[in-house]
Amino acid sequence: ENGKVVVLDFWASPYAMRTKIALREKGVEFEVQEEDLWNKSELLLKSNPVHEKVPVLIHNNIPICESLVQVQYIDETWTEAASFLPADPQSRATARFWADYADKTISFAGGRKIWGNKKGEEQDKGIEEFFESLKVLENELGDKTYFGGETFGYVDIALVPFYSWFHALEECGGGFSVEAACPKIVAWGKRCVERKSVADSLPESEKVYQQVLKLRQIFNVE
Ligand SMILES: N[C@@H](CCC(=O)N[C@@H](CSO)C(=O)NCC(=O)O)C(=O)O
């Protein structure tokens, strides 16, 4: 597990936040190369030729693509620190199910439709989808400290980056409140941000909001 670790990154990317949280949870030293997604580096294009997306984890010059794949790689490579996944196959399967669910729903099914549209029917549908899936996660979390129980793990890493986007979504969506609908998720998010690995990897919500306003201009939303 020695050797140079580099993350091809974009500070506002919730996916890239996952990889940085995972490395920080393991106490792994790494370099960050900030990418301009409108002017991608040769290294990014060469390292992730299939998707040309961040994050890319480059370990000993070997690129690993897809954030959830990277989080599992990190877990399997730096094994001295606590594992992100439980030991038994069934609990591991459950964790992978919920991380996959978060990946498929929260990100852009609900999220993109909220910030990528102006006020109206499309955006309302996005808000509905967003809350539909977040309430499923709220129910799954229940009164647990973390998704896996008492320890911070794989599902928490997969989902918590989107917590930094809630404020931007609320503002773009006309000022709805995530906390009103999903108080347990918001309390869980605050709990996760108390961890240095998360605090160091999630940007301020206001900074995300300013970036989203820029995206709305670039995509000519309203
Ligand atoms: N499934 C992948 C998604 C990465 C992604 O969308 N990255 C975005 C930035 S965050 O929105 C990206 O790199 N976009 C550049 C592009 O689409 O050109 C993962 O989990 O790593």
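Biologist: Let's begin in helix 7: with the side chain of which residue does the side chain of histidine 167 make a polar contact?

Modeller: Before we look, this is a predicted model, with residues numbered from 1 along each chain as its sequence is written; local features need pLDDT of at least 70, and side-chain atom pairs count only at pLDDT 80 or more, while totals for chains, interfaces and linings use all residues. Side-chain values rest on heavy atoms, leaving out hydrogens and water. A polar contact is a pair of N or O atoms within 3.5 Å (within protein, one must be able to donate a hydrogen and the other to accept it, and residues adjacent in sequence count only if both atoms are side-chain atoms). At 3.0 Å, the partner of histidine 167 is glutamate 206.

Biologist: Is histidine 167 buried, partly exposed or exposed?

Modeller: Histidine 167 sits in helix 7 (helices are DSSP runs of H or I, at least four residues, and strands are runs of E, at least two, numbered from the N terminus). Buried means under 20% relative accessible area and exposed over 50%, with partly exposed in between (1.4 Å probe, protein chains only). Because its relative accessibility is 23%, histidine 167 counts as partly exposed.

Biologist: Which residues does histidine 167 touch, and how far is it in space from alanine 87?

Modeller: Not counting residues up to four places away in sequence, histidine 167 touches Ser205, Glu206 and Tyr209 (contact means heavy atoms within 4.5 Å). Alanine 87 is 80 residues from histidine 167 in sequence, and the C-alpha to C-alpha distance is 35 Å.

Biologist: Now to the ligand: how far from one of its oxygen atoms is a polar side-chain atom of lysine 40?

Modeller: The residues around the ligand (those with a heavy atom within 4 Å of it) include Ser13, Tyr15, Arg18, Leu37, Lys40 and Lys53. Lysine 53 has a side-chain N or O atom 3.1 Å from an oxygen atom of the ligand. For lysine 40, the distance from a polar side-chain atom to a ligand oxygen is 2.6 Å.

Biologist: And which residue has a polar backbone atom 2.8 Å from a nitrogen atom of the ligand?

Modeller: Val54, Pro55, Glu66 and Ser67 are also among the residues around the ligand. Here the backbone does the touching: the 2.8 Å distance to the ligand nitrogen belongs to valine 54.

Biologist: What kind of peptide bond joins valine 54 and proline 55?

Modeller: Proline 55 belongs to the loop between helix 2 (42-47) and strand 3 (56-59). Omega is about 0° for the bond between valine 54 and proline 55, and the bond is cis.

Biologist: What is phi of glutamate 52 near?

Modeller: Glutamate 52 is found in the loop between helix 2 and strand 3. It has 33% relative accessibility, so it counts as partly exposed. Its phi is positive in a residue other than glycine, with a value near 50°.

Biologist: Why does asparagine 61 count as exposed?

Modeller: You can find asparagine 61 in the loop between strand 3 and strand 4 (62-65). This residue, too, has a positive phi without being glycine, near 70°. Asparagine 61 is exposed because its relative accessible area is 71%.

Biologist: Let's look at threonine 19: to which side chain does its own side chain make a polar contact?

Modeller: Threonine 19 is part of helix 1 (residues 14-25), and it counts as buried because its relative accessibility is 0%. Not counting residues up to four places away in sequence, it touches Val7, Pro55, Leu57, Ser67, Gln70, Val71 and Ile74. At 2.6 Å, the side-chain polar contact is with glutamine 70.

Biologist: In helix 3, which side chain is joined to that of glutamine 72 by a polar contact?

Modeller: Helix 3 spans residues 67-77 and holds glutamine 72, which counts as buried because its relative accessibility is 19%. Leaving aside residues up to four places away in sequence, glutamine 72 touches Leu85, Arg96 and Tyr154. The polar contact between side chains has a length of 2.9 Å and its other end is arginine 96.

Biologist: Last one: how far apart in space are serine 13 and phenylalanine 162?

Modeller: Serine 13 is in the loop between strand 1 (5-9) and helix 1, and with a relative accessible area of 8% it is buried. Along the sequence, serine 13 and phenylalanine 162 are 149 residues apart. In space, C-alpha to C-alpha, the distance between serine 13 and phenylalanine 162 is 9.1 Å.
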